[in-house]
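Colleague: Hi! I've just opened this one and would like a friendly tour. Can you put it up on the screen?

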Amino acid sequence: MSRLRLLNLSLLILFPIAWAAPLMKAGLLPLFSLSEISVLSGIGALWEKDKFLALVVVFFAILAPIGKVLAMEGLLSGRLSDRVKPWLYHLGRLAMADVFLIAIYITVAKGIGVGRLEVGWGLYLFTLCVLVSLGLSIFTKKKT
């Protein structure tokens, strides 16, 4: 098995860990303890308020990245033809949308100045997963 395939398949383990890991810790005032926020807890909170928005986040944060990893595996293993590459490109763009949402949330929360926000280790892991996935796409595109 090639190193690219192993790296790609490792994302099937790392993405779920990143979804459960704390992306950030947020609190209303500096005196109160901070609540950990993960992708999964965020989806759970959204589900209570707005089911449609929760489903959109599930698609962008969970289904699109896993779909991209599985499609990349099919491409790297030779099970899928090169005709999949344009679809893989678009799927990769969809999978990146959640990173921009998280960046917007952090920017807005820090801009309000009412509460306290600390970045958690899960955000770094999640970002690493997205960057590895992006790098695999770029390297695979150049390689063929």
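Modeller: Happy to, and here is a term to start with: a residue is buried under 20% relative accessible area, exposed over 50% and partly exposed in between, using a 1.4 Å probe and protein chains only. This is a predicted model, where local features need pLDDT of at least 70 and side-chain atom pairs 80 or more, while totals for chains, interfaces and linings use all residues. Residues are numbered from 1 along each chain as its sequence is written, and side-chain values use heavy atoms, without hydrogens or water.

Colleague: Let me try the term out. Is Tyr-89 buried or partly exposed?

Modeller: Tyr-89 is partly exposed, because its relative accessible area is 45%. You can find Tyr-89 in helix 4, which covers residues 85–112. The C-alpha atom of Tyr-89 is 8.7 Å from that of Lys-68, and the two residues are 21 apart along the chain.

Colleague: And how much of the protein is buried?

Modeller: Of the 144 residues in the protein, 33% are buried.

Colleague: Okay, stepping back. How many helices and strands are there?

Modeller: The protein has 5 helices and 3 strands. Both are DSSP runs numbered from the N terminus, with at least four residues (H or I) for a helix and at least two (E) for a strand. Reading from the N terminus, the order is α-β-β-α-α-α-β-α.

Colleague: What share of the contacts joins residues 24 or more positions apart?

Modeller: Taking contacts with a separation of 6 or more, 66% are between residues 24 or more positions apart. A contact here means heavy atoms within 4.5 Å.

Colleague: Show me a pair that is far apart in sequence. Where is Leu-117, for example?

Modeller: Leu-117 sits in strand 3, residues 116–119. Leu-117 is 93 residues from Met-24 in sequence, yet their C-alpha atoms are 6.8 Å apart. Leu-117 counts as buried because its relative accessibility is 16%.

Colleague: What about Pro-16, which residue is 24 away from it in sequence?

Modeller: That is Leu-40, with 9.4 Å from C-alpha to C-alpha between the two. Pro-16 is part of helix 1, and at 33% relative accessibility Pro-16 is partly exposed.

Colleague: On to packing. How do people describe two packed helices?

Modeller: With two values, the angle between their axes and the distance between the axes. Axes are lines fitted to C-alpha atoms, for helices over the stretch in contact, with angles from 0 to 180 degrees between N-to-C directions.

Colleague: So how do helix 1 and helix 3 cross?

Modeller: Helix 1 (residues 3–20) and helix 3 (residues 51–76) have axes that come within 9 Å and cross at roughly 165°. Helix 1 is therefore roughly antiparallel to helix 3. Angles over 145 degrees get that label, while those under 35 are roughly parallel, 65 to 115 roughly perpendicular and the rest oblique.

Colleague: Which residues meet there?

Modeller: From helix 1 they include Leu-4, Leu-12, Phe-15 and Trp-19, and from helix 3 they include Ile-62, Val-69 and Glu-73.

Colleague: Glu-73, hm. Is Glu-73 buried or exposed?

Modeller: Buried, because its relative accessible area is 9%. Leaving aside residues up to four places away in sequence, Glu-73 touches Arg-5, Asn-8, Leu-9 and Arg-79.

Colleague: How about helix 2 against helix 3?

Modeller: The axes of helix 2 (residues 39–49) and helix 3 come within 6 Å, crossing at roughly 155°. That makes helix 2 roughly antiparallel to helix 3 as well. Among the residues in this contact are Ile-43, Leu-46 and Trp-47 of helix 2, together with Ala-54, Val-58 and Ala-61 of helix 3.

Colleague: Last topic, the rings. How many aromatic pairs are there?

Modeller: Rings of Phe, Tyr and Trp (its six-membered ring) pair if their centres lie within 6.5 Å, and planes under 30 degrees apart are stacked, over 60 edge-to-face and the rest tilted. By this rule there are 3 aromatic pairs. One of them is Phe-15 with Trp-19, a stacked pair at 5.9 Å centre to centre with 25° between the planes. Phe-15 and Trp-19 are 4 residues apart in helix 1, so about one helical turn separates them. Phe-15 is buried at 1% relative accessible area, and Trp-19 is buried at 8%.

Colleague: And how do the rings of Phe-59 and Phe-60 sit?

Modeller: Their centres are 5.5 Å apart and their planes are at 70°, so Phe-59 and Phe-60 are edge-to-face. Phe-59 is partly exposed at 35% relative accessibility.

Colleague: Which residues form a ring cluster?

Modeller: Phe-15, Trp-19 and Phe-126 are linked into a cluster by ring pairs.
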